[in-house]
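Please look at the chain below with its fold in view, and follow the backbone from strand to strand as the paragraphs proceed.

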Amino acid sequence: MRGVVKKAAKTSASQSVSGITYRTVCQNPGCGYTFDLNVTPENASILSGTLGCPRCRRKGGMLRPQGRIGERLFAAQLVFRMTGLVGPADDEDETLGEAR
Ligand SMILES: [Zn+2]
């Protein structure tokens with residue numbers, strides 16, 4: 001006497017409340033790709049760090065939220081720093097004149 005009672009009951013009732021989706025638009029010139037970025041407490045660090053665009057593969061983008069557009073759905077832009085500028089770069093310290 002075992003029926004198939006356990007099916008079809010909880011499919012749309014999402015138990016996991018944690019996590020939101022950012023509908024992100026890549027701001028790299030010539031790309032403009034839109035992708036959904038799911039942010040959960042596990043990967044929430046991407047909000048304060050950088051990430052890359054899955055289409056143009058450009059790295060170093062920062063997520064800039066643009067506001068809420070739905071239930072746990074937010075608009076965001078993936079913005080990039082200006083590159084190619086002549087100036088002090090913060091990743092190489094070749095201008096330090098301390099020869100040891
Ligand atoms: Zn892109």
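In the hairpin formed by β3 and β4, two residues lie between the strands, and Arg72 there takes a positive phi near 55°. The model is a predicted one, and this angle is therefore a computed feature of the prediction. Arg72 is not a glycine, although its phi is positive, and its place is in the loop that leads from β3 to β4 (73–79). Because Arg72 has 13 C-beta neighbours inside 10 Å, it counts as partly exposed. The two strands on either side of this turn pair in the antiparallel sense, over seven bridges, and one point of reference along the ladder is Pro65, whose bridge partner in β4 is Ala76.

A second arginine invites a parallel reading. Arg57, likewise not a glycine, has a positive phi of about 65°, and it is placed in the loop between β2 (34–39) and β3 (62–70). Arg57 counts as exposed, because 9 C-beta neighbours lie inside 10 Å of it.

From the hairpin one can step back to the chain as a whole. Its secondary structure comes to four strands and zero helices, which follow one another along the sequence in the pattern β-β-β-β. Of the 100 residues in the chain, 9% count as buried. Where contacts join residues at least 6 apart in sequence, 36% of them link residues at least 24 apart.

How, then, are the other strands paired? β1 and β2 run antiparallel and are joined by six bridges, with Ile20 finding its bridge partner, Val39, in β2. On the other hand, β1 and β4 pair in the parallel sense, again over six bridges. Within that parallel pairing, Arg23 has Ala75 as its bridge partner in β4, while the bridge partner of Thr24 in β4 is Ala76. Ala76 is thus a residue to keep in view, since it was also met above as the partner of Pro65, and it returns in the core described next. In a regular strand, side chains alternate between the two faces of the sheet.

The largest nonpolar core has six residues in all, namely Tyr22, Cys26, Cys53, Leu63, Ala76 and Leu78. Of the strands, β1 and β4 each supply at least two residues of this core. Cys53, one of its members, has contacts that reach into several parts of the sequence: leaving aside neighbours within four places, Cys53 is in contact with Cys26, Asn28, Cys31, Tyr33, Arg58, Gly61 and Leu78. Among these partners, Cys26 and Leu78 are themselves listed in the core.

Beside this region, the loop between β1 (20–26) and β2 holds Gln27. Gln27 counts as partly exposed, because 17 C-beta neighbours lie inside 10 Å of it. Residues up to four places away in sequence not being counted, Gln27 touches Gln77, Leu78, Val79 and Phe80; one of these, Leu78, is a core residue and is also in contact with Cys53. Gln27 and Cys53 themselves are 26 residues apart in sequence, and their C-alpha atoms are 9.3 Å apart in space.

Note on methods. Residues numbered from 1 in each chain as written. Predicted model: local features only at pLDDT ≥ 70, side-chain atom pairs only at ≥ 80, totals over all residues. Buried ≥ 20, exposed ≤ 12 C-beta atoms within 10 Å, placed from the backbone. Contact = placed C-beta atoms within 7 Å. Core = buried A, V, L, I, M, F, W, Y, C linked by C-beta atoms within 7 Å. Pairing = 2+ DSSP bridges.
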